Amino acid sequence: YEWRGADIRNILFFEQDYPGCKTIKLVKNYRSTANIIYAANEVFKSVKPKHLVKQIEPVKKKADGSEERGDTITLYTAEDDTDEINFMVFEMNELKTKFCDLKWNDFAVLYRSHEQSKIVKRIFEERKIPYIVYNPYFWQRKEIQDVCSYLHVLKFYLNWRSGNLSGQRLELAGFAVNNHIRRLYYLPPLSFSSIENEVMSHIFDPYKLFTEDRVLESMLNRLDGTKSRDNFLMLIGIFSDIASVSSSSSISLAVEDILTRAGYMDIYTKSINPTAQDRESARCLAALKEEAADFERTRGVGLSLIEQIDSFLDSASIRSSPTEQAGLKSSEDAVNLMSLHAAKGLEFGTVFFIGLEEGIIPIQHFSAEKLSKKEEQKRLDEERRLFYVGITRAKERLYLTCATSRSWYGKQ
């Protein structure tokens, strides 16, 4: 996959580069039913070089030894994208009624573009269907991890202020949050210089800056006369203000406070000459605010601020897991929403592969550059590989859907 840094030519010309090599085709598929496998076999059948065409063989058998073909693949053409998602909701409920042991997290919704997830989330919320958006690349970004560190420190501070931490519990919680506090040294409003970081390195347990006055006073004296002294008091002031209204606050308001009052968002939005990376970082932080608001509406109802932050961070940790399927081993019973890129390496009992329309899969690149036929074919082949990923995530049931009309980036 090119998006993972691979070059398909390594495979296409392998036999020329290494004459006399032996080719061993791994053809047995232990994941999917025969109907899904035979559909997958058709994806590359007419375009791959003959010597690279691989016909995957199903392994699943019935009790009498005959082939387990499984359910037929369902193709649904919707009137519009709302009809498309409503059909999906209907089918999920029907399956859960028919098979009592099915859970929400047995279902996955796959799409080519994150734009498609907006209507899915809206309708799922209206129909009270729990969901989780799996996007490890988003949660692994530095900006997102930075904000999560603020939230870890805030959670610790709130727990301490509320009297939930003392004795050994305080020490254990402090030890767990120390590295998050050290991370804040490099972020606004602190942004310590190298000399100031040297001063801070003498504080073996940074958590005590929030819990012991003598440690805080010692640090402030060391930074006396510097702007960083005032900045540290500002950070504590932000956490203290959030704590004072914690009974009426929420995870989305806490994230907003961190991004605006701490000045973190300003790094990317107030640059004189913003780069493309700055704009992407700002977009991701805006998306994080949406994630917090989504969490609050769907899973944060009835929870205290501490509980919301704790649950949100737990979910973020799971969703940033680099070990693919391990990233979904969560106690949350929720439908998995994800892009095709995020789905690689995962598997689900039932898959809804939505938006199968020209311009979406294969995606239409909105670029002014003119591509050569060779480059166009290269991109089309990459889209074909992504389509193959979508089909082969399903173990038992596969739904392919499209719509005759849909809202796409604000246009119908």
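**View 1. Strand E7 pairs with strand E8 in the parallel sense.** Five bridges connect E7 (residues 348-353) with E8 in this predicted model. Helices (DSSP H or I, at least four residues) and strands (E, at least two) are numbered from the N terminus, and a pair of strands needs at least two DSSP bridges. Look for Phe 352, which stands opposite Tyr 399 of E8. Strand E3 (residues 74-78) also runs parallel to E8, again with five bridges. There, Tyr 76 has Thr 401 of E8 as its bridge partner. E8 itself spans residues 394-403, and eight of its 10 residues are buried, so the rest of the structure largely encloses this strand. For all views, buried stands for under 20% relative accessible area, exposed for over 50% and partly exposed for the range in between, with a 1.4 Å probe and protein chains only.

A note for reading every view: residues are numbered from 1 along each chain as its sequence is written, and side-chain values use heavy atoms, without hydrogens or water. As the model is predicted, local features need pLDDT of at least 70 and side-chain atom pairs pLDDT 80 or more, while totals for chains, interfaces and linings use all residues.

**View 2. The largest nonpolar core holds 60 residues.** A nonpolar core here joins buried Ala, Val, Leu, Ile, Met, Phe, Trp, Tyr and Cys residues through side-chain atoms within 4.5 Å. Leu 151, Leu 209, Phe 210, Met 219 and Phe 232 are the members that touch the most others. Helix H7 (residues 142-161) makes the largest contribution to this core, with 10 residues. Zoom in on Met 219 and you will find Met 200, Ile 203, Leu 209 and Phe 232 touching this residue, once residues up to four places away in sequence are set aside; contact is counted for heavy atoms within 4.5 Å. Another core lies apart from this one and has 24 residues, among them Ala 40, Val 43, Ile 56 and Leu 386.

**View 3. Glu 143 is a buried residue of helix H7.** The relative accessible area of Glu 143 is 5%. Without counting neighbours within four places in sequence, Glu 143 is in contact with Tyr 264, Tyr 268, Ser 281, Cys 284 and Leu 285.

**View 4. The second largest pocket has a volume of about 710 Å³.** Among the 23 residues of its lining, His 114, Asn 135, Phe 138, Arg 283 and Ala 287 are the closest to the centre of the pocket. The elements that supply two or more lining residues are helix H5 (117-126), helix H6 (136-139) and helix H15 (276-298). H15 gives the most to this lining, namely eight residues. On a 1 Å grid over the protein atoms alone, a pocket is an open set of points with protein on both sides within 12 Å along at least five of seven lines; in a cavity, a 1.4 Å probe fits but cannot get out, and lining residues have an atom within 4 Å of a point. Grid points join across faces, edges and corners, and volume is the space filled by probe spheres set on them.

**View 5. The second largest cavity has a volume of about 40 Å³.** Two cavities of 30 Å³ or more are counted in the model. The lining of the second largest cavity consists of Lys 121, Tyr 131, Val 133, Glu 291, Asp 294, Phe 295, Arg 299 and Arg 319. At least two of these residues come from each of E5 and H15. The biggest contributor is H15, with three residues.

**View 6. Two residues that are not glycines have a positive phi, Lys 128 and Ser 191.** For Lys 128, phi is about 60 degrees. Lys 128 sits in the loop between H5 and strand E5 (131-133) and is exposed, with a relative accessible area of 71%. For Ser 191, phi is about 50 degrees. The loop that holds Ser 191 runs between H8 and H9, and Ser 191 is partly exposed at 41% relative accessibility.

**View 7. The peptide bonds from Pro 188 to Pro 189 and from Ile 361 to Pro 362 are cis.** For the Pro 188 to Pro 189 bond, omega is near 5 degrees. Pro 189 belongs to the loop between helix H8 (167-184) and helix H9 (194-200). Omega is likewise near 5 degrees for the bond from Ile 361 to Pro 362. Pro 362 lies in the loop between E7 and helix H18 (373-391).

**View 8. Phe 90 lies in helix H4 (residues 81-98).** With 46% relative accessibility, Phe 90 counts as partly exposed. Lys 22 is 68 residues away from Phe 90 along the chain, and their C-alpha atoms are 49 Å apart.
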